[in-house]
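The paragraphs below are meant to be read with the model open, moving from one part of the fold to the next. Please keep the sequence at hand as well, so that each residue can be found as it is mentioned.

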Amino acid sequence: MAGKTLYDKLWDAHLVSQRDDGSCLLYIDRHLLNEVTSPQAFDGLHLAGRQPWRLSANIATPDHNVPTSKKEREQGIAGIEDDTSRIPVQTLNNNCKTFNIIEFDINDIRQGILHVIGPEQGLTLPGMTVVCGDSHTATHGAFGCLAHGIGTSEVEHVLATQCLIQKKSKNM
């Protein structure tokens, strides 16, 4: 019998259940949240009267709509002049306060691109499952993680259950 790949080992270690059709429920160790894909997910939780399942597994930071100039950043959210950019950042901030999720807000020294701060802050570690509503999440695989970019409805599902519905990929 051949040995298992890292993918197989991580999958097996996080597998909660598997159906006959191959769909699986995977436990998620770390959920990274941003201002782009989380507003609708938080709305879904609010409308359903749900709370995040495991607060400590979630971390949020605005990373798509933040200003790059020091002058604008010093003004915080008010320094984002464009409504299209400011409103999602403010919404993330409000949602994190409402749901008690740790946020590295715009003025936090730890704020930055999620896929950089995860490893930088020790939030992404070998052996973890990591998800985020961003296609670049797969880069966390470089740290020995099983990492998936997920959609907004999946962001809500992970917030509510700390699990992700997925089918196992084939190995090459």
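Which residues of α6 are buried? In this predicted model, the buried residues of helix α6 are V155, V158, L159 and A160. The spacing of such positions can be read against a general rule, namely that an α-helix has 3.6 residues a turn, so residues three or four places apart point the same way. What covers the buried residues of α6 includes the strands β3 (30-33), β4 (58-60), β6 (129-132) and β8 (163-167), together with the helix α2.

From this helix one can pass to the largest nonpolar core, which has 17 residues, and in which L33, F42, I101 and L159 touch the most other members. Two or more residues of this core are given by each of α2 (39-48), α4 (83-99) and α6 (152-161), and the largest share, four residues, comes from α6. I101 is a useful place to look around: leaving aside its neighbours within four places in sequence, I101 is in contact with L33, F42, P52, L55, N58, A60, C96 and L159. Apart from this core lies another one, made of eleven residues, among them L32, F104, I117 and V130.

Strand β3 is the next part to consider. R30 and L32 point one way from β3, while H31 and L33 point the other way, and all of them are buried. This agrees with a general pattern, since in a regular strand the side chains alternate between the two faces of the sheet. β3 pairs with β6 in the parallel sense over three bridges, and in that pairing R30 stands opposite V130 in β6. β3 also pairs with β4, again in the parallel sense and over three bridges, with H31 standing opposite N58 in β4. Between these two strands the chain crosses from β3 through α2 to β4, and this β-α-β crossover is right-handed.

Another pairing involves strands β1 and β2. Strand β1 (residues 15-18) and strand β2 (residues 23-27) pair in the antiparallel sense over three bridges, and Q18 stands opposite C24 in β2. The hairpin of β1 and β2 has four residues between the strands, and in this hairpin G22 takes a positive phi near 95°. Strand β2 pairs with β8 too, in the antiparallel sense and over five bridges; here the bridge partner of C24 is Q166 in β8.

Which residue follows α6, and what is the sign of its phi? The helix α6 is followed by Q162, whose phi is positive, near 60°. The place of Q162 is in the loop between α6 and β8. Most residues other than glycine have a negative phi, and a second residue that departs from this tendency is N100, whose phi is also near 60° and positive although N100 is not a glycine. N100 lies in the loop between α4 and β5 (102-103). Are these two residues buried or exposed? Q162 counts as buried because its relative accessibility is 0%, whereas N100 is exposed, with a relative accessible area of 56%.

A loop residue of another kind is T137, which is found between β6 and β7 (146-149). At 0% relative accessibility, T137 counts as buried. A polar atom of the side chain of T137 lies 2.6 Å from the backbone oxygen of D134. Not counting residues up to four places away in sequence, T137 touches H115, V130, V131, C132, A147, H148 and G149.

The aromatic side chains remain to be visited. How many aromatic pairs does a search of the whole structure find? Such a search finds two. A pair of aromatic rings is described by the distance of the centres and the angle of the planes, and for the pair formed by Y7 and W11 these are 5.9 Å centre to centre and 40° between the planes, which makes the pair tilted. Because Y7 and W11 are four residues apart in helix α1 (residues 6-14), about one helical turn separates them. Both Y7 and W11 are buried.

Terms used: Residues numbered from 1 in each chain as written. Predicted model: local features only at pLDDT ≥ 70, side-chain atom pairs only at ≥ 80, totals over all residues. Heavy atoms only, no water. Core = buried A, V, L, I, M, F, W, Y, C linked by side-chain atoms within 4.5 Å. Buried < 20%, exposed > 50% of the residue type's maximum accessible area, 1.4 Å probe, protein only. Contact = heavy atoms within 4.5 Å. Polar contact = N/O pair within 3.5 Å; in protein donor to acceptor, adjacent residues only side chain to side chain. Pairing = 2+ DSSP bridges. Right-handed = clockwise from strand over helix to strand, strands pointing away. Phe/Tyr/Trp six-rings, centres within 6.5 Å; stacked < 30°, edge-to-face > 60°.
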